[in-house]
Amino acid sequence: MIVPFARRMLTETDPRVLWTFTWNFGVKGVRSVQRFKTRLARGEHFPPFLYISIINSCTLRCQGCWVKVDGPRHFIDAGRMDRLITSAKKRGNSFFGLLGGEPFMHPQLLDILGRHRDCYFQIFTNGHLITDEIARELRRLANATPLISIEGTSSVSNTRRGRKDVLNKTLAGLEACTRNRLIVGVATSVCRSNVDELVDEAWLRHLIGRGVHYVWYHTYRPVGDNACPELALTPEQVRHVRRFVVRMRSKLPLALVDAYWDDQGQALCPMATGISHHINPWGDIEPCPIIQFATESIDDERDIFEVLNNSPFIRDFRETAAKTTRGCIVLERPDLVKTLVKRHGARDTTHRATGAGLGELDAMGSRTSQHQPGHEVPEEHWMYRFAKRHWFFGFGAYT
Ligand code: SF4
């Protein structure tokens, strides 16, 4: 798998794009995790990876979306992003996930990328606004990879995303990326309506044929004001996705990302391990994207390290989640999420109706997440085993 994959990366992508990925994400990314581990040893908590929802507006209306996409536009402007990124860089961070809403609706997105050429950005997008002109500029900047979400074949895509002709527009954006020799990925929030079609070898080979370099299978989270709990996967389906990903990692010339299992196949929660936290379009600092409560903001006069390292709310969330489960505290124990929110008097950051956040937690029953003891599926391929053993594991959270 490695040689054909390396050949693809060397022949399909722009050399400067590939070099910047290798250095800013690869070398500096590993260094940022090493510095994270050193901080942990000193009892300090600051994540190497920040996921920032830079704008709330979006062109789509997806089932299970937790963002207040309709109503007034809110975005984190380039000045506030500079302050945030510059502070995080002081701690060795070089990788940032940019989410929304739809990040390409942000008026200063390319400007923000241009101001931080020494960093690497993964842009979570529906691809609809990626034109050749934008893809050319991404190629010139070379420091970002679009991660384009595909939620199903044509009719399923329209239903999942609440609009018409969704898949064609997404594929047009994908083609603009490959035409301009970018490193591009496809993400799917795997649920009952797309698991059979998209968790499939033929689909992955189709994506390889379209020039896709990596795929990220998220597990559908039934949250937000259009939660559609009937779409959530069964425990067996979650296990099926895990087995499939592990198998395909040894077989196909593309990378398969996951954020929920270590090299032994033991579950983990990125929030509980402290490897990542989330900032919403209003600047609220949240434990993770779907825990829409906060006590701190990026507009605090202290720098982001001081804010996160000294946050009793974020610390309590990490520690309580890790003590409770290796899986997802939101799926398994929404009642405990509510207890933590009340304990710290955290404000509701859904920006939906007053009390919407706690109301949505009350409506959620407990369900199985990625933590299914006795069903661990260890990594088969040595490269994923090595990478996870050193740079993506429990980091001492689950002792
Ligand atoms: S709490 Fe759940 S959704 Fe949030 S990071 Fe952990 S596993 Fe993921």
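Guide: A residue counts as near a molecule if one of its heavy atoms lies within 4 Å of it. This is a predicted model in which local features need pLDDT of at least 70 and side-chain atom pairs pLDDT 80 or more, while totals for chains, interfaces and linings use all residues. Residues are numbered from 1 along each chain as its sequence is written, and side-chain values use heavy atoms, without hydrogens and water.

Visitor: Which residues are around the ligand?

Guide: They are Arg-221, Tyr-260, Cys-269, Pro-270, Met-271, Cys-288, Ile-290, Cys-328, Val-330 and Gln-370.

Visitor: Where is Glu-286?

Guide: Glu-286 belongs to strand β9, residues 284-286 (strands are DSSP E runs of at least two residues, helices H or I runs of at least four, numbered from the N terminus).

Visitor: How far is the nearest side chain of opposite charge?

Guide: Arg-347 is 8.3 Å away, and Glu-286, although buried, has no salt bridge. Buried means under 20% relative accessible area, exposed over 50%, partly exposed in between (1.4 Å probe, protein chains only). A salt bridge puts a Lys or Arg side-chain nitrogen within 4 Å of an Asp or Glu carboxyl oxygen; Lys and Arg count as positive, Asp and Glu as negative, with His and chain ends not counted.

Visitor: Now Gly-345: why does it count as exposed?

Guide: Gly-345 counts as exposed because its relative accessibility is 59%. Gly-345 sits in the loop between α15 (334-344) and β12 (347-348). Its C-alpha atom is separated by 16 Å from that of Pro-334, eleven residues apart along the chain.

Visitor: And where does Asp-118 lie?

Guide: Asp-118 is in the loop between α4 (109-115) and β3 (120-125). With 33% relative accessibility, Asp-118 counts as partly exposed. The C-alpha atoms of Asp-118 and Lys-89 are 9.4 Å apart, with their positions 29 residues apart along the chain.
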